[in-house]
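Student: Please take a close look at a single part of this model and describe what surrounds that part.

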Amino acid sequence: MLSLTIPKKIAIEITEEWIKIEGPLGCKQKKKAKDIKLVFDNASNKLWFLNTDLKQKHFYFAMINKMILGVLKGFSAKLNIIGVGYKVFLENQTLISKLGYSHNVIYQIPKDVTIKILNQKLLTVVVFGIDLQRVNQVAAEIRSLKLAEPYKGKGIKYFNEVVRRKEGKKTNV
């Protein structure tokens, strides 16, 4: 049988339709399939998966594990903004960017995600939240405001992303 050890700081509640997990950073709730059988043992602090379907067992194991990590530590995604004159600043729940366009690009930050600007010189933007999918989605939306171009490498890219550079136009001299 597959089991998951739940940390002491986490409170877990399982009903017929929902899985609710509370931790130091917040609360996550997901709908569960009716044929999934989960049993939580308070004495050993373990969650047991009683299904016979192996795929479903491992899917819910991974999902609940990510929910626990999210409410315990949280998830983050780093973005680098590279380019002369490119600026980013926060105003209330809005990210305002100057990305070489004739206008400022405004992005409304969702309530369940926080954004920090770490380094004004290198322009590193950190997206933080308790839901991994939501954090990655917001990071992808911010990145899509100005994708890194292949000739000079200017634009928004993930912290560990490598932009393949192209050779410029050649002249015959």
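Tutor: Pro110 sits in the loop between strand 10 and strand 11 (113–119). The model is a predicted one. With a relative accessible area of 13%, Pro110 counts as buried, because the cut-off for buried is under 20%. Leaving aside residues up to four places away in sequence, Pro110 touches Gln93, Arg134 and Val138. Its C-alpha atom is separated by 17 Å from that of Val88, 22 residues apart along the chain.

The strands on either side of the loop can be taken in turn. Strand 10 (105–108) belongs to an open sheet of three strands, ordered 8-9-10 with antiparallel pairing. Strand 10 and strand 8 (87–91) are the edge strands, and each pairs on one side only. From one strand to the next, the twist averages 20°. Strand 8 is joined to strand 9 (residues 94–98) by five bridges, and the two run antiparallel; Leu90 has Leu95 in strand 9 as its bridge partner.

Strand 11 belongs to an open sheet of four strands in the order 11-12-7-13, again with antiparallel pairing. Strand 11 and strand 13 (155–158) stand at the edges with a single partner strand each, so one side of each has no neighbour in the sheet. Neighbouring strands here are turned by 25° against each other on average, direction ignored. Strand 11 pairs with strand 12 (residues 124–129) over six bridges in the antiparallel sense, and Thr114 has Phe128 in strand 12 as its bridge partner.

Helix 2 (residues 132–143) lies across strand 7 (75–82), strand 11, strand 12 and strand 13. Helix 2 runs at about 10° to strand 7. Two of the residues that Pro110 touches, Arg134 and Val138, fall within the range of helix 2.

Key. Residues are numbered from 1 along each chain as its sequence is written. This is a predicted model: local features need pLDDT of at least 70, side-chain atom pairs count only at pLDDT 80 or more; totals for chains, interfaces and linings use all residues. Side-chain values use heavy atoms; hydrogens and water are left out. Two strands pair if DSSP finds at least two bridges between them. Axes are lines fitted to C-alpha atoms, for helices over the stretch in contact, and angles run from 0 to 180 degrees between N-to-C directions. Buried means under 20% relative accessible area, exposed over 50%, partly exposed in between (1.4 Å probe, protein chains only). Contact means heavy atoms within 4.5 Å.
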